[in-house]
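Subject: Structure for you to look at

Hello,

Here is the structure I said I would pass on. Please open it first and keep it beside you while you read the notes below.

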Amino acid sequence: MPIWLLNEKLERPIIVEQLTAIKEQGVTNIVLKAERGVIPSYLSTDFLAYLDFIFTTAKEKGISIYFCDDLQNAHPGASSGITEKRPDLRLNYLSLAEIVKTKGPKKHIQELDPSSQWIAIGFRVKDKGIDIASAKNLTVQIKNNVFTWAIPAGDWRILFFQLAPCKRPVGGWVLNTTDSEAAKAYMDSAFENVRNALSKEAVTALKGLLVELPYVGPDASLKGLPWSEEISKQLSNTCKTNVLSILLALFVEGGSKDAGKLRREYYSLLLKLQCQNFLKPVQEYCLKRKLDLRAFIASSDPYSGEGQLRYDYTPIVQRCTAIEGLSSADTTIADTAAGKLFADFRGYYNKSRGSAILGRNRSGIGLGLKDLKYEADGLALNGIEGRIIDGNYYALRYQGGMRAPSNAFVHTPSFAQYGTMLKTFERRMKALSELHAHEQVGVMFPGESFYASYNPIAPSIYKMKTQHFDDLITYLTKENIAYQFVNEALASTITLSNEGELVLSVGGKTKASFKVMIIPEAAIIPKKFVAILEKFIQMGGKLVFYGVTPFETMEGIKDAHLIRPIEYLQSKMPGSVFKLTKPEELESLRTGCFGNLVQNVEFYSESQMEKRISCRTFSDKGMAVHLMLNTSEDNVRTEIKVNTKQKTWLYWFDLSKGALYTLPSSEANGTVKPFIYSFAPKEGGILLESDAKLNSVPNPTLALDDPSRLYRIILKDQWEYDVLDDNALPVTVWSMKINSNRDVNSGYNTAYESYINVDQVPTKSLLFLNNLINRHINGYGSGLFPVEIAFNGVQIKQMQFYNRGEKEYKAGETLKEVSYAGIHAFAADVTASVKKGLNRITVKTYGSTFSPMAIKYPILFVGKFAVKKGNNGWMLTENPEALKSGSWTDQGFPFFCGRIVYRQIFEKPDSFKKVMLRFKQIENIAVVRINGNEVPLPPWQPQSIDISKFIQGEKNKIEIEVANLQNNLIKMIESPAGLVGEVYVDVYQ
C-alpha cells in the first residue's frame, strides 16, 4: 500500500496518468496524502473538487484509498487551520524561561511577556544548594504581567516558568491531542468535510483513514513539558499534592522517592490522555462510518530530539487495536530499540504484527526496490511488517532546498516491478502471521526508571542512562543475539518453569521464555520479580545488571539492599550474575553468558563473516520459519547448520515466486545435514522447518553448491554502451555582487556569476531553469522575485515585473517546457553559444528593500557530454570509449539521472544443460536482453537468471539497461549506479 503524494499543481490528465501507472504496478490500495506545494490550496473548494475527481478515477480503476491528513507537521493539514482559529486547542508547554539570582532584603520588580502565562517559584540557597523546604509559590506576585516581590534576607533563586503554545518549525502550532475537543475538531475538519464533499460514487473508493499521531512528550529545545489544567488537576488528585510540589518534582528535585513517583505518573498520564481523548474518538468515528483505521506512532520527534523510544508503548498497543506501527524518520529503525520495543508489545497484546512505513526519509530521495526490500527484511527480523511503503518521499532536495515533483516515481523503471515487491511482502506476512518468536534472552525496558530520571532542565543523568541502554542494544545487534523486551508491568507477571526458564504469559498464552535476563539501568522493578530472579539463578539461569542496579520497587518502597539476596548468589554461584557498568565490559557476555545459548540456526565461515548473517526463528504448531539476512555488502559463502531435537524436514521458501523448494540435504528419515549456501550482498532467505513432510511441494530441489557446474565465464571488464538520457551538471558555485537603488523600486539588486569549463563542446546543451529564488514579496504567495539570465552574454530571459513579483514563465523561442529526471520546468537551448574553455552564466535578481535574495536551487546544465574533474572544478568532456564494471559516477556521469545500456558479445559454451547469468551487484534497476529477447530479472538479490533457451548461435549479444534514481542529481552525493560488480556466466552439465 504505497503512499501517493500530492505536492504540486493538480491537473486532471496527470492524475489519470499516475493512477493508471499505479494500477499497472499491481497496486490496489494507496494512501493519499497532500504535502507542501499542492495547488490548489489544501481543503479549499477547488482542492476538494480535484479530490472528488481523484476518488472517482481511483474507483473506476479498482483502487481503494486510505486518506491521510498530516497531524505530525500539520502543513498542509487541518490541524494548522484549527490551531489558528482556536488558540485554546493548541498544545501548551510549560518551560523554564529564566532563573534569577538575587539577595535580600530588597524589592524585585520584573516585566514578563504578556503573551504567555507565568508561574514563579522562589528558593533559598543553603550550603551552596537549593533548600527544597524553603520553596514558595510566588505566582500571586504577578499582576498585569509584572512580577513584584519583597525578597527576605538571604541568597535566593527565582524560577520563572512560561506557559505558552508549542510551535513547530514546520506546520505552525501543535494540536493538543490530549484534549477530546481538539480530537473532534480535527476529525470534523480533516475527514468529515472531505467525506461530505465527495460524490456518492467517489466516496465508495474511501476505504479508510491513516492518522499519524503527533509526538506528545518533553521538548528538549524548549526545556519544557506538555501542560494543561487537566494534566495539573489529575496529577494533583492522583498524587495528593499541589502545583508547587508537582513543579518541584518535574523540574527541580533529583532522585527522591516522591519526585520519581510523580514523574512516572506524569508521563503515564500523557499517554493515557492521548489514548482516551484522541485515539478513542478517532476509532469511534471510523467504526460508525465503516472505515478502516491505520494509526501510526512516530518513532521520534524530529524537532525536539527526544526519542519515542523512551516511552512505554504498552498503554497504546494494549487499548487501541487500530495502532499499526511506526512512521520512521530514517531508514535505520530496524536497528533501533524503538522498532523492536513496539513489535514485542504489539505481539504481546494483539494478534497481528506491527507494521511500518518503509523508506520514510524526509530529507532525501526515495529508495530503489532492492533497498526497500532490504529495509523490509531488517524490520521483519524485529517482528515488524512493511505494509505501507512511502515509495518516493515527498521532497526531492538539494542541500535542503531543491524540489521536484515527487509523484514522478510512478514513471521510473525502478518501480516497474512494484507489484512483485508487494506480493513478496504479503507472502512473508502470511508465512509469519500465525507464528511466534521464542527468544532465549529477555531485556527489561526500564520505562518507569527513565520517567523517574528525566528532568528537562538538567537531563544529563537521563541521557547517560539512555546512552547505556543504547550501547546494550547496539551490542546485542552486533553479536546477532535475538532478544525480546519486557517492561516492569510484564515482569511482575513472569513465572518460573520447571526447566528453570522465565516464562512470560499474556492472556493465558505463553509469549516468551528466557534463559538469560538483562536488566539495564532499571532503578525500579516489581518486588515479587526479585524473588523470581533468585529462584531463576538457583536453577541455572543467567542474570545481567547493566548500569544502575534496582533500589526501588513498583510499590514505592526504596531499599538500598533490594537485590542483596541476588548479590549473595553472585558470590556463591560464580558466573550466574553479571554486574556491568561500562560498554567495554559487555564483551564479557559473549562467552560468559551467551555461550550456553542454543542457536536454532548456526553459520560457519572461514572468514568469520557469520556474524553478518542475522537470523530469527518464528515457530508454532510443528512449524518453524528461520528468517535470514546478509547484512554485509559482500558475498558470503557459509555453511548452515539447523539444530533439531527430533526428525524434521527442511524447505527453502522463495518469497518472490511464492514457491517451496526441497533441500538436497533433507534425508528420507527427516535428518537434516549442514549445507552450503552463498548469500549475495543484502540477500534475505527463509528456511521452513516442519515436523511432518510436506507432500504438496511441486518444485524441484534447490541447487545449493551445485557440483554439476562445469565452469564460470567472467565477462570482460570493457562494455560498449549507449546513454539514453542526457547528462547533467548542477551549477552550484557562484560569485555574487549586490547593488542597491538600481531602479524606481529602490530594492536590492543581486548579480550572480558562474562559469562552466568546457574541454569538448557538446552536441547538445540546455540550461535547465528550476525555480531560482526561494523567497516571496509582500508575504507568501504574492509572487517570486524577478530574474534576468544570460549565457555567454546572450540574454535568455529578461527581468519582468508583475505586482512586484515575477511574471509566470511562458514558453517561447528561447524558453521551452521540458522534463528531466522527474523535474518539470523551463530550459533554454544554448547549444550554439557554448564554446571551448570558460562559459559564463549570469543571473540578476531584484529583491526587497530589506533582504537581498540568494539562489537556493541550482541551475542544471544538461546535454550530451561526460563530466570529469579538472584543476578548476568540474569540466565537460567527451564520453569515454567504454564503461568498466563499477559505478558510472566514477566514469563521467557523477550527477547523471537516467538510463544507460551496456552491451557485450559472449561465445556460446561448447556443451551445456543450463546456463545461468549472474550479477554481483547492480544499482538500481535493470532490464536484461539476450539476443534481443527480454529476460525478467529479480529487482533484488540474488540477481540471477536462466538464459539457456535464449542462446542461439556461436556469438550471443547481451544488453543490460540500467536506470538509477535521482539521488546523484538532486542530493549530489554520487551514489553508486550501473553495473557496480562483475557479471558471470555459469555453465552446467
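Is T57 buried or exposed? T57 is buried, as its relative accessible area is 5%, and the cut-off for buried is under 20%. The residue is part of helix α2. Leaving aside residues up to four places away in sequence, T57 touches V16 and L19. Please keep in mind throughout that this is a predicted model.

The chain as a whole

The chain has 989 residues, and 56% of them are buried. Its secondary structure amounts to 19 helices and 58 strands. Taking the contacts in the chain with a separation of 6 or more, 78% are between residues 24 or more positions apart.

Helix α4

Helix α4 covers residues 180-197, which is 18 residues. From its first C-alpha to its last it reaches 25 Å, close to the 26 Å expected at 1.5 Å a residue. There is nevertheless a kink in α4 of about 35°, and D188 is at its centre.

The buried residues of this helix include A182, A183, Y186 and M187. Further along α4, A190, F191, E192 and V194 are buried too. What lies over them? The cover on the buried residues of α4 includes helices α2 (45-60), α3 (78-85) and α8, together with strands β3 (64-69) and β11 (206-213).

Helices α7 and α8

Helix α8 also takes part in a contact with another helix. The axes of α7 (residues 243-252) and α8 (residues 257-288) come within 9 Å and cross at roughly 90°. That crossing makes α7 roughly perpendicular to α8. On the α7 side, the residues that meet α8 are S245, I246, A249 and L250. On the α8 side they are A259, L262, R263 and Y266. Sorted by type, the residues of this contact come to 6 nonpolar, 1 polar and 1 charged.

Helix α10

How many of the 13 residues of α10 are buried? The number is 11, so α10 is largely enclosed by the rest of the structure. A run of them goes A337, A338, G339, K340, L341, F342, A343, D344, F345 and R346, and Y348 is buried as well. The length of α10 (residues 337-349) can be checked in the way used for α4. At 1.5 Å a residue its 13 residues should span 18 Å, and its end C-alpha atoms are 18 Å apart, which agrees.

Backbone details

Some places in the backbone deserve a second look. Most residues other than glycine have a negative phi, and most peptide bonds are trans. The following residues depart from one or the other of these habits.

Two have a positive phi:

- E521 is not a glycine, yet its phi is positive, at about 50°. It sits in the loop between β23 (516-520) and β24 (524-525). E521 counts as buried because its relative accessibility is 2%.
- N931, also a residue other than glycine, has a positive phi near 55°. Its place is the loop between β53 and β54. With 22% relative accessibility, N931 counts as partly exposed.

There are also cis peptide bonds:

- One joins E923 and N924, with omega about 0°. N924 is in the loop between β52 (922-923) and β53 (925-930).
- Another runs from Q941 to P942, with omega near 0°. P942 is in the loop between β54 (933-935) and β55 (944-946).

Two exposed residues

The loop between β54 and β55 also holds P936. At 68% relative accessibility, P936 counts as exposed. Its C-alpha atom is separated by 9.9 Å from that of Q417, although the two residues are 519 residues apart along the chain.

E24 belongs to helix α1 (residues 12-24). At 65% relative accessibility, E24 counts as exposed. The C-alpha atoms of E24 and K61 are separated by 9.9 Å, and these residues are 37 residues apart along the chain.

That is what I have for now. Start with α4 on the screen and work down from there.

Regards

Definitions and conventions. Residues numbered from 1 in each chain as written. Predicted model: local features only at pLDDT ≥ 70, side-chain atom pairs only at ≥ 80, totals over all residues. Heavy atoms only, no water. Axes fitted to C-alpha atoms, helices over the stretch in contact; angles between N-to-C directions. Helix = DSSP H or I, 4+ residues; strand = E, 2+ residues; numbered from the N terminus. Parallel < 35°, antiparallel > 145°, perpendicular 65-115°, else oblique. Contact = heavy atoms within 4.5 Å. Nonpolar A, V, L, I, M, F, W, Y, C, P; charged D, E, K, R; others polar. Expected span 1.5 Å × (residues − 1). Bend = angle between axes of the 7 residues up to and from the residue. Buried < 20%, exposed > 50% of the residue type's maximum accessible area, 1.4 Å probe, protein only.
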